[in-house]
Amino acid sequence: QDAHKKALDKLTQGIYQECKEHGPESIYLCKSYFYMGQLFQQAQQLVSAKAFFQKIIQIWKNHIIQNDLMIMAEYNQIEIPLILYDEAEKHLSIILHWFREELGGYDNACAECLFTQSLVAYKRGKIAEALDGMRTALQDYQNNLGIYDRKTIEVERVIQKIEEQYQHHHE
């Protein structure tokens with residue numbers, strides 16, 4: 001109990017400092033958010049754990065879509081250290097596994113996590129794996145939310161964009 005409280009205090013302090021430096025939506029905070037989620041998980045505070053995990057998913061998804069897929073300019077001014085993508089891949093895999101256990105495999109949170117994990121795979125050059133994951137997430141969104149939902153359409157657009165990039169690459 002005491003060790004848990006100490007870890008929580010230390011992490012909270014770290015997150016506060018990181019927020020001051022990078023802002024709360026930064027990919028640089030995801031590692032701390034992940035550990036915070038794990039602390040809540042261990043304390044059986046599953047709603048809080050899920051909230052931190054979903055925050056990570058949201059941050060990575062937005063980061064990759066905004067910086068890598070939806071702008072025309074070359075965005076190489078900001079080189080993201082590759083280790084952050086490795087970390088994201090590992091964390092998202094752990095989160096997805098936990099979500100599937102806790103929520104069942106077809107929950108929207110699982111689809112969102114899979115989609116984001118696939119975006120990270122895309123960033124790491126694993127195009128086929130990325131597209132497979134995205135198509136599975138798309139299927140879940142279509143089944144859960146319908147074909148006209150904002151999330152369904154977003155995933156469709158991303159898949160289309162990657163397929164177009166990939167075709168141009170191989171022409």
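**View 1. Y85 and W60 in this predicted model.** At 3% relative accessibility, Y85 is buried. Its ring partner is W60, and the two rings form a tilted pair. The ring centres lie 5.2 Å apart, with 50° between the planes. W60 is buried as well, at 2% relative accessible area. The pair joins distant parts of the chain: W60 sits in helix α3 and Y85 in helix α4 (residues 82-103). The two residues are 25 residues apart.

**View 2. The stacked pair F40 and F52.** Seven aromatic pairs occur in the structure. One of them is F40 with F52. Their centres are 5.7 Å apart, and the planes meet at 20°. F40 belongs to helix α2 (residues 30-42), F52 to helix α3 (residues 46-69). The separation in the chain is 12 residues, and the pair links distant parts of it. Which side of the burial cut-off does F40 fall on, buried or exposed? F40 counts as buried because its relative accessibility is 14%, under the 20% limit. F52 has 21% relative accessible area, so F52 is partly exposed.

**View 3. A cluster of aromatic rings.** Five residues are shown: F34, Y35, F53, W98 and F99. Ring pairs link them into a cluster.

**View 4. The largest nonpolar core.** This core holds 49 residues. Which of them touch the most other members? They are I56, W60, F99 and M134. Helices α1, α2, α3, α4, α5 (108-123), α6 (127-145) and α7 (150-169) each supply at least two residues. The largest share comes from α5, with 10 residues. W60 also appears in View 1, where W60 pairs with Y85. F99 also appears in View 3, as part of the ring cluster.

**View 5. Surroundings of I56.** Neighbours within four places in sequence are set aside here. The remaining contacts of I56 are C30, Y33, F34, L92 and I95. F34 is also a member of the ring cluster in View 3. I56 itself is among the core residues that touch the most other members.

**View 6. Helix α1 and the residue after it.** Helix α1 covers residues 2-22, which is 21 residues. How far does α1 reach from its first C-alpha to its last? The span is 30 Å. That is close to the 30 Å expected at 1.5 Å a residue. G23 follows α1. The phi of G23 is positive, near 90°. Helix α1 also supplies at least two residues of the core in View 4.

Conventions
Residues are numbered from 1 along each chain as its sequence is written. This is a predicted model: local features need pLDDT of at least 70, side-chain atom pairs count only at pLDDT 80 or more; totals for chains, interfaces and linings use all residues. Side-chain values use heavy atoms; hydrogens and water are left out. Rings of Phe, Tyr and Trp (its six-membered ring) pair if their centres lie within 6.5 Å; planes under 30 degrees apart count as stacked, over 60 as edge-to-face and the rest as tilted. Buried means under 20% relative accessible area, exposed over 50%, partly exposed in between (1.4 Å probe, protein chains only). The expected span of a helix is 1.5 Å times one less than its number of residues. A nonpolar core is a set of buried Ala, Val, Leu, Ile, Met, Phe, Trp, Tyr and Cys residues joined through side-chain atoms within 4.5 Å. Contact means heavy atoms within 4.5 Å.
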